Amino acid sequence: MWVWDEFGFFKETARTEMYTLCKHEALPITDTKGGVIFAEKVRKHVQKAKFMYKGKRIEVTVSCGVSERKRQASLETTIKYADDNLYKAKNGGRNQVVYK
């Protein structure tokens, strides 16, 4: 579920939902390249969408971190690398996908 907070931003549930979607539904056996392609599609779709808040259109962007399970020792490590890459995307200017 995508949830707005009181300032009009997505709460942490957005990250949880994306992780759940990728793990269980959309990308369980996809490699890094496929994960990046998927994340870019989501990013571009959200960027083009029209979001309204209190009667005004607002810009919404998506930053993504991608990590491939088979390259990591555990699921926890995979999530850690994806999360690290997410913060690299945010700190690097946002609205991008980081996977290295």
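This report describes the overall make-up of a predicted protein model, then two of its helices, and finally its salt bridges.

**Overall make-up**

The model is predicted, and the protein holds 3 helices and 4 strands, which follow one another along the sequence in the pattern α-α-β-β-β-α-β. Of its 100 residues, 29% count as buried. The accessible surface comes to about 7300 Å², and carbon and sulfur atoms account for 56% of that surface. Among contacts in the protein with a separation of 6 or more, 50% are made by residues that stand 24 or more positions apart.

**Helix H2**

Helix H2 covers residues 32-48, and with its 17 residues it reaches 24 Å from the first C-alpha to the last, which is close to the 24 Å expected at 1.5 Å a residue. Its buried residues are Thr 32, Gly 34, Gly 35, Val 36, Ala 39, Val 42, Arg 43 and Val 46.

Phe 38 also lies in helix H2, but at 21% relative accessibility Phe 38 counts as partly exposed, because the buried class is kept for values under 20%. Phe 38 can also be related to a residue far along the chain: Phe 38 and Val 97 are 59 residues apart in sequence, while their C-alpha atoms are 10.0 Å apart in space.

**Helix H3**

Helix H3 takes in residues 75-91, and its 17 residues reach 24 Å from the first C-alpha to the last, close to the 24 Å expected at 1.5 Å a residue. Thr 78, Ala 82, Asn 85, Leu 86 and Ala 89 are buried in this helix. Seen down the axis of H3, these buried residues fall within an arc of 110°, and therefore they line one face of the helix. On the other side of H3, Glu 76 and Asn 91 are exposed. The helix is followed by Gly 93, a residue whose phi is positive, near 120°.

Two of the buried residues of H3 can be followed through their contacts. Thr 78, which is found in helix H3, counts as buried at 7% relative accessibility. Leaving aside neighbours within four places in sequence, Thr 78 is in contact with Ser 67, Glu 68, Arg 69 and Gln 72. Asn 85, which also lies in helix H3, is buried with a relative accessible area of 4%. When residues up to four places away in sequence are not counted, Asn 85 touches Cys 64, Gly 65 and Val 66, and also Val 98, Tyr 99 and Lys 100.

**Salt bridges**

Side chains of opposite charge can pair when their charged atoms come close. The structure holds 4 salt bridges, and the table sets out some of them, with the distance between the closest N and O atoms.

| Salt bridge | Closest N and O atoms |
|---|---|
| Glu 40 and Arg 43 | 2.9 Å |
| Arg 71 and Glu 68 | 3.1 Å |
| Lys 80 and Asp 84 | 2.6 Å |

Glu 40 and Arg 43 are 3 residues apart in helix H2, so they are separated by about one helical turn. Glu 40 counts as partly exposed at 23% relative accessibility, whereas Arg 43 counts as buried at 11%. Arg 43 is thus one of the buried residues of H2 as well as a partner of Glu 40 in a salt bridge.

A similar reading applies to helix H3, where Lys 80 and Asp 84 are 4 residues apart, so that about one helical turn separates them. Lys 80 is partly exposed at 49% relative accessibility, and Asp 84 is partly exposed as well, with a relative accessible area of 31%.

The pair of Arg 71 and Glu 68 joins an exposed residue to a buried one: Arg 71 is exposed, with a relative accessible area of 62%, while Glu 68 counts as buried at 6% relative accessibility. These two residues also belong to a wider arrangement, since Glu 68, Lys 70 and Arg 71 are linked in a network of salt bridges. Glu 68 is, in addition, one of the residues in contact with Thr 78, a residue found in helix H3.

Terms used:
Residues are numbered from 1 along each chain as its sequence is written. This is a predicted model: local features need pLDDT of at least 70, side-chain atom pairs count only at pLDDT 80 or more; totals for chains, interfaces and linings use all residues. Side-chain values use heavy atoms; hydrogens and water are left out. Helices (H or I, at least four residues) and strands (E, at least two) are DSSP runs, numbered from the N terminus. The expected span of a helix is 1.5 Å times one less than its number of residues. Buried means under 20% relative accessible area, exposed over 50%, partly exposed in between (1.4 Å probe, protein chains only). The arc is that of the directions from the helix axis to the C-beta atoms. Contact means heavy atoms within 4.5 Å. A salt bridge is a side-chain nitrogen of Lys or Arg within 4 Å of a carboxyl oxygen of Asp or Glu. Accessible areas come from the Shrake-Rupley method with a 1.4 Å probe; for residues, only the protein chains shown count as cover.
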